[in-house]
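Here is a friendly walk through a two-part topic: how one chain is built, and how it meets its partner. Please have the sequence and the 3D view at hand as you read.

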Protein chains: 2
Amino acid sequence: MTKVLVEPIGVTVEVDGDSTLLSALKHPSVDGHSDCNGLGTCGKCLVRVGAGEVTPPTEIELRKLPADRLAQGWRLACQAKPRSARVSIEVRSTGGRRQIVTASKLHHGPYRPAVRREVVKLAPPTLDDARGDLQRVVDALPGADVPLRVLAELPLVLRRHQWSATFTRYGRRVVDVEAADAPSAFYGVAVDVGTSKIVAYLFDLHAGRRIDQEAVENPQIRFGEDVITRIAHASGDGLAEIAAAARQGINETLHALFRRQGIAPRHVYDMTIVGNTAMHHLVLGLPPEGLGQAPFAPVVDTPLLVRAAEIGIDINPEGGVYLPPPIAGFVGSDALAVIAATRLAGKRKPTIAIDIGTNTEIALVVDRHVIVTSCASGPAFEGYQITHGMKAVQGAIEKLRIGADGSPHGIRTIGDTPPVGLCGSGVVDLLAGLLKAGVVERSGRMVRHPRVRPGAEGVEYVVVERAEGDIVFTQHDVRQLQLAKGAIATGWSLLLASQGIAVGDIDRVYVAGAFGNYLDLTNAIAIGLLPPVDQARVAFVGNAAGVGAQMALIDVRARSRMARLRARTTFLELGAHKDFNAAFNGRLTLG
Amino acid sequence: MTKVLVEPIGVTVEVDGDSTLLSALKHPSVDGHSDCNGLGTCGKCLVRVGAGEVTPPTEIELRKLPADRLAQGWRLACQAKPRSARVSIEVRSTGGRRQIVTASKLHHGPYRPAVRREVVKLAPPTLDDARGDLQRVVDALPGADVPLRVLAELPLVLRRHQWSATFTRYGRRVVDVEAADAPSAFYGVAVDVGTSKIVAYLFDLHAGRRIDQEAVENPQIRFGEDVITRIAHASGDGLAEIAAAARQGINETLHALFRRQGIAPRHVYDMTIVGNTAMHHLVLGLPPEGLGQAPFAPVVDTPLLVRAAEIGIDINPEGGVYLPPPIAGFVGSDALAVIAATRLAGKRKPTIAIDIGTNTEIALVVDRHVIVTSCASGPAFEGYQITHGMKAVQGAIEKLRIGADGSPHGIRTIGDTPPVGLCGSGVVDLLAGLLKAGVVERSGRMVRHPRVRPGAEGVEYVVVERAEGDIVFTQHDVRQLQLAKGAIATGWSLLLASQGIAVGDIDRVYVAGAFGNYLDLTNAIAIGLLPPVDQARVAFVGNAAGVGAQMALIDVRARSRMARLRARTTFLELGAHKDFNAAFNGRLTLG
């Protein structure tokens, strides 16, 4: 038997020395995720091996994981077997308890889908009128463009149903033909492809109503956590593979939605996809090389409509997949979607929208002109690169207070289970509390305190004492958060400065993204992450990018509005800004 | 050892009892054809087992051959082994010596291809001009429509070649992007898909020059000789299979052409396909049910342009495949191509074009108005359904004379080898000669004559005496030819009558098709096959349908001309004609 310590959950599981690490993941208190039952095809049981010995990578792993990921210790749990009495692994995600934020307070707006249906009764051919079937359709539906796939189904449908048929059209294109009494509902899906998560919203386009949603981890994660690593992978031979992973993730959400709602893929005719520019390119299979180096020119910065079959999306193969335009190399169509969903361009007074993530986009509207910038904030606020950081899953500390004496109180975990780590909102609470109590100085230095002790990498603050090892917050963690916070604060401050706007002039701040949803606003302002405005002026709007994708799905007019919006949006390149370094150094200070 | 008699060649080959029948086909004096070396995948070694026993059909045959064909004794020689001391088989085709007529005296006319190339130098992106790659292309080539497949290649071509590139366009669509110094030639292929043969003409579209041609047997033959059988097969589950066979035949011609000329499929961007309406539908995978029953309405009777990838044609996947419109259910785009290639619509005086085949199309122009009809003439003039009839391959009697005494003279065979059977032109010479000598009466009755003897099926005329069995021409053969000739003559006579035109008014007769090329005109008129006009008014124009396909390939303007021509062409339905039966009975008489 081998003891496997599963981080960041902090659970130790005993497994048979002949089992793979997947058996540790399958333990009820870990409840890990695998779709392929250990065949090595789904890539979901990705773990990072820390202490201890395991068997060398199998052929499946060599094929599935890039060399640099293997070198960093990443493995497929279903392939690796323990080879020492103790092994520690770090898991990426656990069970179905993830809290992926799919909701938003924003509304998708009016309803006029790109898809419509018509029941048409045609005259049957006679010796005097032997027009071809296609000609009959074109005469009945002027301008109709019938692709070969539909044309091949047309004759039998017409002949078996007395020359009556239901035609489904996407603009001029006839995307489906069925018997006139075929089911009348038809569907569309709006997708937000994030670097870490893919969220899909299913709509009944007939009724104009959202009926379900589904979120999965982006399967591209096995090629790297961040956009830059994935661009590098795609720039080698990995493009087809990493593009296929993105599409696989989208299709996973679709399969779950269709199964749950009992929908045939054939009756899903439309999809919109938003994402950062790298995700946009990778879904389409476009080489992202240009995004990896100055001047960061995208391959496509115009709206694009492709057929589902062209990119292997499992809806009706003739269905449309519409991608609103990215704004720039590091400001994607997800940022455009946030601007559209928050109706930013319509605001009369200076308004800011911030979408916090590994890459943070910030948009400002002044006099109806939108300026947008982006900064590489890193994943610290998502729980990565923090010693006991973790994602917002069961056992994560999401709320806490620090008393005047510098000791923690009111620790609240997701699922009310014993704490195993700190998620983003918990980290912000902790940092703000320690700052107020004087345990951390504004410079970021951790001072002497009864709970501060020497650790493996400098001093550390003990958050929770546990038999299986304390949960700590280290000096290094503070530095990581300073960098992330500094990048974001530099973004909004330079953006404001570029337009001559003072913080006091800001009418409203929209905070989008999963992180914002659980954030304590006072604490976020206390550490200097958000501009110091009156709290009533701040609104957390959840997955606003998803709402923008929904707007484009259910209202074809929103597509041209978003394209015009992009044309009216100016991108401010921070890296090229003369004041960037000075501003960044200034913004490292907390508060 | 088993003796295998190979018909219609009349060669007996000894094979090992453990070998398949393919070893008989491979014998030098048979020189049969197989592409897959006995794997059972190419279907080319189709034989019909007559006398003798063979092993039962293998799984490969059960999959490859329709049940009705198997029931008729058709087998794959590579699968069947002899099980008796003597086996007789009938082969479909032999060796590479086939005479498929690909030439024509007609010319394809002026030159303006649908494809064009442009070398464009773009401005590289800078921080001040970070337009997307696609936008740069659209700005340089206004209206350019770049499909995803090309878009995915664009970034690397531009970045590796200093932002210069060669763009190949098909109308507005950019079908290829390559380095600016890429090879400048580009190609197109015109294809005539016949019921029995597929002929492809390769053009250098850059130079406007035909460079090669290739012909193969239509692989659909394994599903039946004639169009009606194939329509029936496709109307069951066989559509995908029979469509794939047509495309496989086209691709075979392409592979041969590309290999011989050293051309990359990527550089072939355009194709035109003409054929009868059933072939047109089957190449596209469109259900031909409607063609099998009155009112014979086609699925498509308008021009169609699809992408090569849509129908699995092995040229550049973004290349175009253009199909001129069929005229009616039994008058295809091949007939339209003949009308276009003979410039029929431009004639001031009454002119007829006849394309003789299993289905014979006849077009008449009067006062610049074209009327076309079609008749099911059957394959008798192609050597089928005639006791010793055979295709125009080595050993076929193609010319002969009958002396005043009723005996044959001046027998000429293809390849000057000993005679093994009669091809179409030989049959016409024979019938006309016997008619003139009085051995066959105008009613078709064979009279007493030293060379006429009782045979297995009534009386028969001995054409050649041979040790391995005489070559004979039977009373039944005469009846078959009367039916075929009757159908064709009814066609042109009713067509003329419908417009009040007498035979004497005809200015010119164009005879198209393989059969016409070797035909003795005097004899063809003598038996009443062609209208009795002055011989100087008759022109054999060879594969005029192929010329029409070439016109549409090399001159994009010819496509709209042909579409207009179709609109101006009236189809005369003979089956519905009140005088049809009377005329047909009258026309059975020879001469």
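In this predicted model, 62% of the 591 residues of chain A count as buried. Chain A holds 14 helices and 26 strands. Among its contacts between residues at least 6 apart in sequence, 67% join residues at least 24 apart.

What about overall dimensions? The C-alpha atoms of chain A fill a box of roughly 100 × 65 × 40 Å along the principal axes. The radius of gyration of chain A is 26 Å, and this agrees with a compact globule, because one with 591 residues would have a value near 25 Å.

Now turn to the partner chain. Chain A uses 34 residues to contact 34 residues of chain B. About 2800 Å² is buried between the two chains, and carbon and sulfur atoms give 70% of that area. On the chain A side, A:L148, A:P295 and A:V299 lose the most area to chain B, together 20% of what that side buries.

Which elements of chain A give two or more residues to the side that touches chain B? They are α4 (133-140), α5 (148-160) and β13 (304-307). Of these, α5(A) gives the most, with 6 residues.

By class, the side of chain A that touches chain B looks like this:

| Class | Count on the chain A side |
|---|---|
| Nonpolar | 21 residues |
| Polar | 6 residues |
| Charged | 7 residues |

How many salt bridges does the rule find across the interface of chain A and chain B? The count is 0. For polar contacts, there are 8 residue pairs between chain A and chain B, with both residues at pLDDT 80 or more.

How values were computed: Residues numbered from 1 in each chain as written. Chains lettered and ligands numbered in written order. Predicted model: local features only at pLDDT ≥ 70, side-chain atom pairs only at ≥ 80, totals over all residues. Heavy atoms only, no water. Contact = heavy atoms within 4.5 Å. Buried area = accessible area lost by both parts, 1.4 Å probe. Salt bridge = Lys/Arg side-chain N within 4 Å of Asp/Glu carboxyl O. Polar contact = N/O pair within 3.5 Å; in protein donor to acceptor, adjacent residues only side chain to side chain. Helix = DSSP H or I, 4+ residues; strand = E, 2+ residues; numbered from the N terminus. Nonpolar A, V, L, I, M, F, W, Y, C, P; charged D, E, K, R; others polar. Rg over C-alpha atoms; globule rule 2.2 N^0.38 Å. Buried < 20%, exposed > 50% of the residue type's maximum accessible area, 1.4 Å probe, protein only.
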